[in-house]
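Subject: the structure, plus some notes

Hi,

Here's the structure I promised to send over. Have a look at it first, and then read on for what turned up when I went through it.

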Amino acid sequence: AGGDVTCLARDPARLVAPANGRAPRVVSGDLGNVEALASAMQGCDVVLHLAASTGKATAAAHQRANREGTRTLIAAAKQAGVRRLIYVSTIAAGFPDQRFYPYAASKAAAEVAVRESGLDWTIIRPTIVLGPGSPIGAAFAKLAGGPAVILFGNGKARVQPIDVGDLASVLVAVLDSSA
């Protein structure tokens, strides 16, 4: 939106060039090292935390990446003097019964860490994020082409898909409101 951006990525080669042509400073790394993260965050005012383990990872992998990775990120942000954290979670973090949904449980635990961080924070809970190459988007398209209407659960589930571009616009607006 106009500020300087630093992007931490495990695999910088997978990053997509921004539409505005302003490439961010890219730092290679992961959520496992407080000192390296703190060094990468020097001079940053706001952290937008998008990293997550998703899909069919084990419960332990979800907890390691989502809960512990978020705790490590928070510790590094505090060490670097970051004042604000924007955490992209999931609507599943608010599900009442997460016993059989380790992803949701790990994201809920990460949200607790964010709320208890002492930082100024915002948590955003999108549902299904759709965009080019989205596996769930392809699955929905296949379902939509079928002979019957598909209802999930009892039909009362609040599922509000969002386009990845619209979610990005929301995140930029939240970032701008942090300035």
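His 62 has a relative accessibility of 1%, so it counts as buried, the cut-off being under 20%. (This is a predicted model, by the way, so read everything below in that light.) His 62 is in helix α2, and if you skip its neighbours within four places in sequence, it still has plenty to talk about: it is in contact with Ser 53, Thr 54, Gly 55, Ala 57, Arg 67, Pro 102, Tyr 103 and Ser 106. Take Pro 102 from that list: His 62 and Pro 102 are 40 residues apart in sequence, yet their C-alpha atoms are 6.8 Å apart in space.

Gln 63 belongs to helix α2 as well. Is Gln 63 buried or exposed? Its relative accessibility is 19%, and since buried means under 20%, Gln 63 counts as buried. Leaving out residues up to four places away in sequence, Gln 63 touches Glu 68, Pro 102, Ala 105, Ser 106 and Ala 109.

Those contacts lead on to the helix pair. Which residues of α2 meet α3? On the α2 side they are Ala 59, His 62, Gln 63, Asn 66, Arg 67, Thr 70, Arg 71 and Ile 74. Facing them in α3 are Pro 102, Tyr 103, Ala 105, Ser 106, Lys 107, Ala 109, Ala 110, Ala 113 and Val 114. The two helices pack at an angle of about 15 degrees, and their axes are 8 Å apart. Angles under 35 degrees count as roughly parallel, so α2 is roughly parallel to α3. The crossing of α2 and α3 is right-handed.

Now the sheet. It is open and has 3 strands in the order β3-β4-β5, with parallel pairing. Why do β3 and β5 each have a side without a neighbour in the sheet? They stand at the edges and each has a single partner strand, so one side of each is left without a neighbour there. From one strand to the next, the twist averages 10 degrees.

β4 is the strand I'd look at in your viewer. It covers residues 84-88, and 5 of its 5 residues are buried, so the strand is largely enclosed by the rest of the structure. Which way do the residues of β4 point? Arg 84, Ile 86 and Val 88 go one way and Leu 85 and Tyr 87 the other, and all are buried.

Here is how β4 connects to its partners:

- With β3 (residues 46-49), β4 pairs in the parallel sense over 4 bridges. Val 47 has Leu 85 of β4 as its bridge partner.
- With β5 (residues 120-124), β4 also runs parallel, joined by 5 bridges. Arg 84 stands opposite Asp 120, Leu 85 opposite Trp 121, and Ile 86 has Thr 122 as its bridge partner.

So much for the pairing; next, the connections. From β3 the chain passes through α2 (residues 59-80) to β4, and this β-α-β crossover is right-handed. Another right-handed β-α-β unit is made by β4, α3 (residues 102-115) and β5. As for where the helices sit on the sheet, α2 lies across β3 and β4, running at about 165 degrees to β4. α3 lies across β4 and β5, and its angle to β4 is about 165 degrees.

Last, a couple of residues from further along the chain. Val 170 lies in helix α5 (residues 164-178). With a relative accessibility of 38%, Val 170 counts as partly exposed. How far is Val 170 from Ile 124? They are 46 residues apart in sequence and 9.4 Å apart in space, C-alpha to C-alpha. Val 172 is in α5 too, and it is partly exposed, with a relative accessible area of 34%. Val 172 and Leu 48 are 124 residues apart in sequence, while their C-alpha atoms are 9.8 Å apart in space.

Shout if anything here is unclear.

Cheers

Notes:
Residues numbered from 1 in each chain as written. Predicted model: local features only at pLDDT ≥ 70, side-chain atom pairs only at ≥ 80, totals over all residues. Heavy atoms only, no water. Buried < 20%, exposed > 50% of the residue type's maximum accessible area, 1.4 Å probe, protein only. Pairing = 2+ DSSP bridges. Right-handed = clockwise from strand over helix to strand, strands pointing away. Axes fitted to C-alpha atoms, helices over the stretch in contact; angles between N-to-C directions. Parallel < 35°, antiparallel > 145°, perpendicular 65-115°, else oblique. Left-handed = near helix turned anticlockwise from the far one by under 90°. Contact = heavy atoms within 4.5 Å.
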